Amino acid sequence: MNIGVETEKIEFKKTTGELKEGITSLASMLNKNGYGVLYFGVKDNGDVVGQQMGDRTLREISQAIANFLKPQVIPTIEHELLDDKNVIKIEVRGSEKPYSAYGRYYMRSADEDRELSPTALKELMDRQTSSDILTLIPAPIQTLTFNKLKIAYVTAGLTVDQTTFEDNTGLKNSDGKYNMMAFLLADENDISIKVVTFAGKDKTDLIKRNEYGGTCLITAIDKVIDYMESINETMVIMGNHRRAEEKLFDMASFKEAWQNACIHTKWDKGNPPAVYIFSDRIEIISTGGLPVDLNKEEFYKGISKPVNAKLQKIFGQLGYVEQTGHGIPLIISNYGKQAFDIMENFVNVTIPFNYEKKNSDGTDVDNEVSLNEAEQRVISYISQKSNITIKELVEVSGYSDGYIRKILFSLKEKKVIERQGGNKTGKWVVIS
């Protein structure tokens with residue numbers, strides 16, 4: 001039986017007596033294609049001759065690959081019967097080039113493994129540093145659809161050509177398979193996007209865990225933003241003959257931090273970005289640290305070195321990011337450089353809440369209250385007409401009689417308004 005010829009992605013060895021040469025071929029194929037298949041029990045011309053098998057044969061192959069092929073990969077090792085003969089098939093995938101075998105570096109050329117010169121090795125490392133890993137790694141699932149992504153393009157006013165869409169957006173790798181970026185943008189995936197809320201200032205007491213993943217990354221990003229807008233209450237201070245309003249946090253800063261986390265995180269590391277909400281702050285964490293060719297001062301100035309260039313291009317086309325680099329300076333202008341905790345493998349952005357306000361002398365504001373939108377509307381109506389009746393409030397607000405009464409009771413409890421005079425001739429007073 002003959003199973004074909006050796007190629008840049010396939011290598012044949014007669015027996016495991018050539019294990020060292022076989023591992024060399026695996027490293028060589030990984031450096032060329034990020035993928036390789038090695039058979040033991042097959043002659044160079046493709047004829048199946050069989051491989052003797054013992055109890056530890058597969059384990060010994062696995063251990064040798066783990067010990068001598070670097071960086072480590074997890075191979076798929078299978079025992080097959082071809083023409084009633086034992087054959088061992090080893091399949092490897094990896095994107096962390098360059099790979100070495102027994103401390104040396106090789107590159108596949110046709111069916112040969114050629115050792116790399118120092119210059120060629122440096123060129124390989126430079127190409128890998130500048131490459132877009134998300135577009136190289138194959139998606140774990142190849143049955144993907146992109147209806148939500150296409151809708152986002154149409155919504156942004158862009159034309160979608162069904163026949164060229166996947167190629168134009170870079171959703172496939174050089175092997176014609178959907179890549180990891182496609183997996184992130186697919187209608188369905190197993191990527192987890194969480195917003196976790198804690199009761200206090202640490203992670204001791206978890207209150208709520210919201211899951212927005214499992215879908216197109218763009219949809220997930222929007223859902224997180226919608227949720228954060230829903231909890232961004234307006235804080236109202238009544239005092240010193242004035243009424244001041246301030247949101248719980250700056251939404252523009254959060255959007256910049258969150259979108260940057262999703263675009264620039266190193267998705268190939270397997271840790272998606274997340275949002276943690278504490279009693280006094282929000283934390284947005286992403287994986288990967290800064291790019292190797294970007295220092296902190298350049299980062300603070302808004303200089304961008306995209307980790308996932310094609311993903312960033314898609315978000316730019318859809319209007320989610322701009323090339324002006326104003327996002328980081330915006331956050332710094334609101335919260336200072338201390339908002340960023342830049343670690344080797346993570347970037348953590350902290351957005352403190354605005355509710356711990358101070359008087360001019362530095363003391364706490366005692367009469368600070370939080371008002372929802374309905375309460376603010378009622379105060380507005382009362383400010384315009386102090387003798388407004390409950391019936392009139394129902395008419396102008398569209399709220400029910402019962403809800404208006406509930407709002408008025410709440411405002412009185414919070415000492416924001418008070419009633420002076422009787423029900424017929426009295427009036428509402430907004431407490432200054």
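This is a short walk through two sheets and one helix pair in a predicted model.

Overall picture to start. The protein chain holds 15 helices and 19 strands. Its C-alpha trace spans about 105 × 45 × 45 Å along the principal axes. The radius of gyration is 31 Å, where a compact globule of 432 residues would have one near 22 Å.

Now the four-stranded sheet. What is the strand order in this open sheet? Reading across, the order is 1-2-5-4, and the pairing is mixed. Strand 1, residues 10–13, and strand 4 are the edges. Each has a single partner strand, so one side of each is left without a neighbour in the sheet. On average, neighbouring strands here are turned by 20° against each other, direction ignored.

Two helices go with this sheet. Helix 1, residues 19–33, packs on the sheet and touches strand 1, strand 2 and strand 5. The direction of helix 1 makes about 160° with that of strand 2. Helix 2, residues 57–68, also packs on the sheet. Helix 2 touches strand 2, strand 4 and strand 5, and its direction makes about 25° with that of strand 5.

Look at strand 5 itself, residues 85–93. Six bridges join strand 5 to strand 2, residues 35–40, and the two run antiparallel. Take two partners from that side. Tyr39 has Lys89 of strand 5 as its bridge partner. Phe40 has Ile88 of strand 5. Then the other pairing. Strand 4, residues 76–82, pairs with strand 5 over seven bridges, in the antiparallel sense. Which residue of strand 5 is the bridge partner of His79? It is Ile88. So keep Ile88 in view: Phe40 is a bridge partner, and His79 is one too.

Strand 4 and strand 5 form a hairpin with two residues between the strands. In that hairpin, Asp83 takes a positive phi near 60°.

Next, the six-stranded sheet. This one is open as well, with mixed pairing, and the order is 10-9-13-14-16-15. Why is one side of strand 10 and of strand 15 left without a neighbour in the sheet? Strand 10, 206–211, and strand 15, 340–342, stand at the edges, and each has a single partner strand. Neighbouring strands are turned by 15° against each other on average, again ignoring direction.

At the strand 15 edge, three bridges join strand 15 to strand 16, residues 346–352. That pair runs antiparallel. Asp341 stands opposite Asn348 in strand 16.

Helix 9, residues 251–264, packs on this sheet. It touches strand 13 (274–277), strand 14 (281–287) and strand 16. The direction of helix 9 makes about 20° with that of strand 14.

Last stop, the helix pair. Helix 8, residues 217–231, packs with helix 9 at an angle of about 155°. Their axes are 11 Å apart. Over 145 degrees counts as roughly antiparallel, and therefore helix 8 and helix 9 are roughly antiparallel to each other. The crossing is right-handed.

Who makes the contact? From helix 8, Leu217, Ile221, Val224, Ile225, Met228 and Glu229. From helix 9, Met251, Phe254, Lys255, Trp258, Gln259 and Cys262. How do these residues divide into nonpolar, polar and charged? Nine are nonpolar, one is polar and two are charged.

To recap helix 9: it packs on the six-stranded sheet, and it packs with helix 8.

Technical notes
Residues numbered from 1 in each chain as written. Predicted model: local features only at pLDDT ≥ 70, side-chain atom pairs only at ≥ 80, totals over all residues. Heavy atoms only, no water. Pairing = 2+ DSSP bridges. Axes fitted to C-alpha atoms, helices over the stretch in contact; angles between N-to-C directions. Contact = heavy atoms within 4.5 Å. Parallel < 35°, antiparallel > 145°, perpendicular 65-115°, else oblique. Left-handed = near helix turned anticlockwise from the far one by under 90°. Nonpolar A, V, L, I, M, F, W, Y, C, P; charged D, E, K, R; others polar. Rg over C-alpha atoms; globule rule 2.2 N^0.38 Å.
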